[in-house]
Amino acid sequence: MAKKNSFGARAKLGDHFIYRLDALTKAGVAKNLGRLPFSIRILLESLLRNEDGYLVTADDVKRLAAWNAAAPNSHELPFMPARVLWQDFTGVPCVVDLAAMRDAVKRLGKDAKKINPLIPTDIVIDHSVLVDFFGTANALQQNAQLEFERNRERYEFLRWGAQAFQNLRVVPPATGIVHQVNLEYLSQGVVLRDGNLFPDTLVGADSHTTMINGLGVLGWGVGGIEAEAVMLGQPLYIVTPQVIGFKLHGALREGVTATDLTLTVTQMLRQKGVVDKFVEFFGAGLSSMSLPDRATIGNMAPDYGATIGFFPTDEETLRYLRATGRAKSADLLERYAQEQNLFRSDSTPDPIFSDTLELNLADVEPSLAGPKKPEERVALRDLKSRLHEALTKPVVNGGYGLSESETQKQITIQSPTSKLQSQISHGAVVLAGITSCTNTSNPSVMIGAGLLAKKAVEAGLTVPAHVKTSLAPGSKVVTEYLDKAGLSKYLQQLGFFTTGYGCTVCIGNSGTLPEPVANAINENNLVAAAVISGNRNFEGRVHAQVKANFLASPPLVVAYALAGTTDINLETEPLGTNQNGTPIFLRDLWPSQKEISDAMASAIEPAMFTKSYRNVFDGNPTWNAIPVSGGETFAWDSNSTYIAEPPFFLNLKPTPEPLREIRGARVLMMVGDGVTTDHISPAGGIAKNSPAGKYLIEQGVEVQDFNQYGTRRGNHRVLMRGTFANIRLKNLMLGGEEGGNTFYFATTDDGQRTMEKMSVYDAAIKYKESGVPLIVIAGKEYGTGSSRDWAAKGPALLGVRAAIAVSFERIHRSNLLGMGILPLVFKPGQNAQSLGLTGREKFDVLGISDAIKLREELRVVATSDSGQRTEFSVIARLDTPVEVDYYKNGGILPTVLRGLLKENKPQRKRFTTKGTKDTKKKSVRKSAKKTKRVVRARR
């Protein structure tokens, strides 16, 4: 559909066209454009450029141009990002869905090639490498070899997808971590497409997509289901956001890292409450902050609850682009941003925000976060006391429930590879991982870790035998500058050999612990610890046997590896002694800022980035050797335990069935506050005796070849069985018992009521066979954590029709809705406990019909086996008219697919991809078929 240009905004800038924001001022639409938050200005440019009178209207532009900081209007915005980003745990299910949609279209007698990404889409394979081998020079090669062996089916499938679908590129394994690759290479800051110049924007099917906010690029994580819809040409609908300004001033003190700052910001913003809001940083402190420091803060936006953590484009943005081999992009961005009043300087008037808070950078102190959540910041000096407090605190209050005498337990273990012995107790560090794009993208903390290792080796310190060490850089550039600085050898002498270029420990790909360590933990119920430079430390995520998990900067990871325990105050107690018996303290090893800066200046140069990314799509010979099958549809293998056609579209009808009330539902799970997507759909190892493990064994898969849940997300049969299978998930129906079990309630032929404990999967299948619908009851922040579409797909396939919670995490609520599960919230002040619900009742959710409205109040009746009724009201979290349409259609993808099958629907143009041997050049479609769009509600 042709662009309208109602405000006369299209104009030439050199050889290109732009859509001038100041045209809105001339048109009298925007009265204070220069004081709008920068993030709102970028959203406004997107609306202005995409205005076609249908997908985006002139009224949409006017509403956002009149953004009111005090009370933003509640209208939905049709945001049309420039591109979509995936990692392989989410990317494989995406391509599976695309392949299944092609099959569905073909079954209905239509052209399967209608199903195609319509905007640039990249998948970076980074989530599949495990730390099986560590502590040796061969670890990298051995782990990579195992990765390819385990994931060959998945990688063959992705190779097929890259050639079958237009506008889809795949970055091979052993390249880097998705968000670091995005920061260092994929993003150019500005986009030139079809002669138009505009800001780079994106959505990603990973929570930490917000890392790119540090580059001045507007982007955030969405559910995989939403990302698929955007990829297929649909706008992403968001409610006009509030924007919280975070003012930074001053500078960090000597010895304080970007990680310390980020953990402080995370704690402050969690306390402030910024869920569903934009956060934008401003103030003079930005001028003293490097871009990698900004990216570290932006990365953890989902962990402080915000949609974005945005840093506007300024001189540091341009410096970073040039320093990473993107000088031409920097020049283009500089001209564009200054022309569009999207460029920040110290003289720029502060935007007007919905609310503000501020931080003097000089007040930040060395910190960690843990033992269970990223916002649980603790000062370095207080970690020892925090550990002791957690050990004895009752389990119901978030502790480990040990008696005082139990905390004194000491165990001696023998190293499996040497004659060395180790003493371990509660708080022993058994995993020390320099991992995650959050920190490995930041040269200051990586060089800092190397310099600390150098001083430790020179002082004669060693890492105790019970500590499993690993180094997983987010790109090969990190290895190159550590080598050039002469620091790799010192890290390696402490056991920090490179184990892979991927997420590894941060997402639970930690591998097994050495047997003596694992046995000591299990036999003595030890609260073992991990110290990692990641962004997530939820229970059961990092490693199933490690209960206390702490986030820290890379230098502190090295320090705690040397100490071998978190039961230590590193400000007052020594890390160890040298050969002369002299105590060595952390302060003796910590590098100065000048030492770090000097090493960075001599070791890092733009050519490193150019070299590392020159052949990013086809530079891995093992990847290139994987055979690719042809065809516009995929040849599903019924014997595959990795890839299977999902049932989502098998019986799709041209029009949806009418909505109906939920009657006689049983509770599948009843959980408390803070249940994460890791609890709902774990990504880590598959237990032998779990439903998924038993299924794999039945299919002839050996236990050593189970791989992880995350790698098997292309097979719904495995993931259904893995839903609610986290060993740390507490089902309140079972008195808070951990593990993936629930009660199955039934009535026998003679009228006897029975209650049987069994796995969640087995109970769900029995309920499904009996035609009994299911619900989930939860506390606050249900679904916090990673943007995991299988945390919605799994429950949907198990028969869950609604989830009733005190509150939902933003992405998870969208994912539930995207799978046709109705998200419901208790009225303020109410929860399951206040209403006296046990989870053993039968539930009716009344008032659901095709006439359902935004945030409609529905009635719930819970009836116990004795006949006692509890009635209460809930709010249906359908926040926009589009979400109502999604729910009526049974989810986002059925909505989109029905729309694509109709005639005369406008489609977005395909883009032209250039620049690599592996990339197919696409010609821009000369004429797009015009079809009706079904997902946009009529205004």
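Me: Which residue holds the cysteine sulfur closest to that of C94, and at what distance?

Reply: The closest one is in C503, and its sulfur lies 17 Å from that of C94, which is too far for a bond. A disulfide is a pair of cysteine sulfur atoms within 2.5 Å. C506 is in no disulfide either; its nearest cysteine sulfur, that of C503, is 6.5 Å away. The structure holds zero disulfides.

Me: What kind of model is this, and how are its residues numbered?

Reply: The model is predicted, so local features need pLDDT of at least 70 and side-chain atom pairs count only at pLDDT 80 or more, while totals for chains, interfaces and linings use all residues. Numbering starts from 1 along each chain as its sequence is written, and side-chain values use heavy atoms, with hydrogens and water left out.

Me: Are C94 and C506 buried or exposed?

Reply: Buried means under 20% relative accessible area, exposed over 50%, and partly exposed in between (1.4 Å probe, protein chains only). C94 counts as buried because its relative accessibility is 1%. C506 has 4%, so C506 is buried as well.

Me: What sheet do strands 26 and 31 belong to?

Reply: Strands (E, at least two residues) and helices (H or I, at least four) are DSSP runs numbered from the N terminus; two strands pair if DSSP finds at least two bridges between them. Here seven strands close into a barrel in the order 26-31-32-33-36-35-34, with mixed pairing. On average, neighbouring strands of this barrel are turned by 35° against each other, direction ignored. Within the barrel, strand 32 (residues 800-805) and strand 33 (residues 822-826) run parallel and are joined by four bridges. A802 faces L822 of strand 33.

Me: Which helix lies across strand 26?

Reply: Angles run from 0 to 180 degrees between N-to-C directions, with axes fitted to C-alpha atoms, for helices over the stretch in contact; contact means heavy atoms within 4.5 Å. Helix 28 (760-769) lies across strand 26 (662-670) and strand 31 (774-777), and runs at about 170° to strand 26.

Me: Which strands stand at the edges of the open sheet?

Reply: That sheet has four strands in the order 14-13-12-15, paired in parallel. Strand 14 (308-310) and strand 15 (355-360) are at the edges; each has a single partner strand, so one side of each is left without a neighbour in the sheet. From one strand to the next, the twist averages 20°. Three bridges link strand 13 (residues 278-282) to strand 14 in the parallel sense, and E280 has F310 in strand 14 as its bridge partner.

Me: What joins strand 1 to strand 2?

Reply: Strand 1 and strand 2 form a hairpin with two residues between them, and G14 in the turn has a positive phi of about 65°. Strand 1 (residues 10-13) runs antiparallel to strand 2 (residues 16-19), with four bridges between them. L13 stands opposite H16 in strand 2.

Me: Which residues other than glycine have a positive phi, and which peptide bond is cis?

Reply: Most residues other than glycine have a negative phi, and most peptide bonds are trans. N167, not a glycine, has a positive phi of about 65°. N167 sits in the loop between helix 6 (152-164) and strand 6 (168-171), and is buried at 1% relative accessible area. E781 also has a positive phi, about 55°. Its loop runs between strand 31 and helix 29 (790-798), and E781 is partly exposed, at 31%. The bond from G370 to P371 is cis, with omega near 15°; P371 is in the loop between strand 16 (367-369) and strand 17 (377-379).

Me: How many cavities does a search of the whole structure find?

Reply: On a 1 Å grid over the protein atoms alone, a cavity is a set of points where a 1.4 Å probe fits but cannot get out, and lining residues have an atom within 4 Å of a point. Points are joined across faces, edges and corners, and a volume is the space filled by probe spheres set on them. The search finds nine cavities of 30 Å³ or more. The largest holds about 210 Å³ of space. Its lining has 23 residues, of which H127, D206, H208, I507 and R541 lie nearest the centre. Helix 4 (88-107) and helix 7 (178-186) are the elements that give two or more residues to this lining.

Definitions and conventions
On a 1 Å grid over the protein atoms alone, a cavity is a set of points where a 1.4 Å probe fits but cannot get out, and a pocket is an open set with protein on both sides within 12 Å along at least five of seven lines; lining residues have an atom within 4 Å of a point.
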